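Me: I would like a close look at one part of this protein, namely its salt bridges. Please take it slowly and keep the terms plain.

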Amino acid sequence: MSDKRTLIAVMGDEDTTTGLLLAGIGQNDASTGSKNFFVYHEDKTTKEQLEAKFNEFTQERKDIAIVLINQFVADMIRSTVDGYVEAFPAILEIPSKDHPYDPEKDSVLKRVRKLFGE
């Protein structure tokens, strides 16, 4: 199953998404219209849109190996992110230019700490 997962998806603010697209992770399938990125806009994006895109990347798409998500975006759908327990795709919370990374909020680190009894 994991041999078909070749893409990295990103959910983040415009600066983060643009940087990762410039780095070469972008994929736009013209036949289906699906993209492996989602740009969060503070004044336009709803919680429902974030949850729908997160679920698409994690449950519907079988070609995504890693989902990079700005931590402040993950905070908006924290219950959905924390409830995701599958190995693939891996969910990695990353900082953004305007929002520093807080390891206390990271769902992966919370699970690791729980595993080690911390």
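Are Arg-78 and Glu-93 buried or exposed?

Reply: Arg-78 and Glu-93 are both buried. This is a predicted model, and the values that follow are computed from it.

Being buried here means having under 20% relative accessible area. The two side chains form a salt bridge with each other, with 2.7 Å from N to O. Arg-78 belongs to helix 4, which covers residues 78-83, and Glu-93 belongs to strand 4. The two residues are 15 apart in the chain, and their pairing links distant parts of it.

As background, side chains of opposite charge can pair when their charged atoms come close. In this model the count of salt bridges is 7.

Another of these pairs is Glu-56 with Arg-61, where the N to O distance is 4.0 Å. Glu-56 and Arg-61 are buried as well.

Next comes a pair with other surroundings. Asp-15 and Lys-97 make a salt bridge in which the closest N and O atoms are 2.9 Å apart. Asp-15 lies in helix 1, while Lys-97 sits in the loop between strand 4 (90-94) and helix 5, so this salt bridge ties together parts that are 82 residues apart in sequence. Asp-15 counts as partly exposed because its relative accessibility is 44%, a value in between the limits of 20% and 50%. Lys-97 has a relative accessible area of 64% and is therefore exposed.

Asp-15 and Lys-97 also take part in the lining of the largest pocket. That pocket has a volume of about 210 Å³. Other residues of its lining include Tyr-40, His-41, Phe-72 and Met-76. Sorted by class, the lining holds 6 charged, 3 polar and 3 nonpolar residues. Helix 1 (14-22) gives at least two residues to the lining, and helix 3 (71-76) also gives at least two.

For contrast, there is a part of the surface without charged side chains. Val-108, Val-112, Leu-115 and Phe-116 make up a nonpolar surface patch of about 400 Å². Leu-115 is part of helix 5, which spans residues 107-115. Leu-115 counts as exposed because its relative accessibility is 69%, and the limit for that word is over 50%.

To sum up, the Arg-78 and Glu-93 pair is buried, whereas the Asp-15 and Lys-97 pair joins a partly exposed residue to an exposed one.

How values were computed
Residues numbered from 1 in each chain as written. Predicted model: local features only at pLDDT ≥ 70, side-chain atom pairs only at ≥ 80, totals over all residues. Heavy atoms only, no water. Patch = residues over 30% accessible without salt bridge, like charges linked within 9 Å, V, L, I, M, F, W, Y side chains within 5 Å. Areas by Shrake-Rupley, 256 points an atom, 1.4 Å probe, with all protein chains shown as cover. Helix = DSSP H or I, 4+ residues; strand = E, 2+ residues; numbered from the N terminus. Buried < 20%, exposed > 50% of the residue type's maximum accessible area, 1.4 Å probe, protein only. 1 Å grid on protein atoms, 1.4 Å probe; cavity = no way out; pocket = protein on both sides within 12 Å on 5 of 7 lines; lining within 4 Å. Points joined across faces, edges and corners; volume = space filled by probe spheres on them. Nonpolar A, V, L, I, M, F, W, Y, C, P; charged D, E, K, R; others polar.
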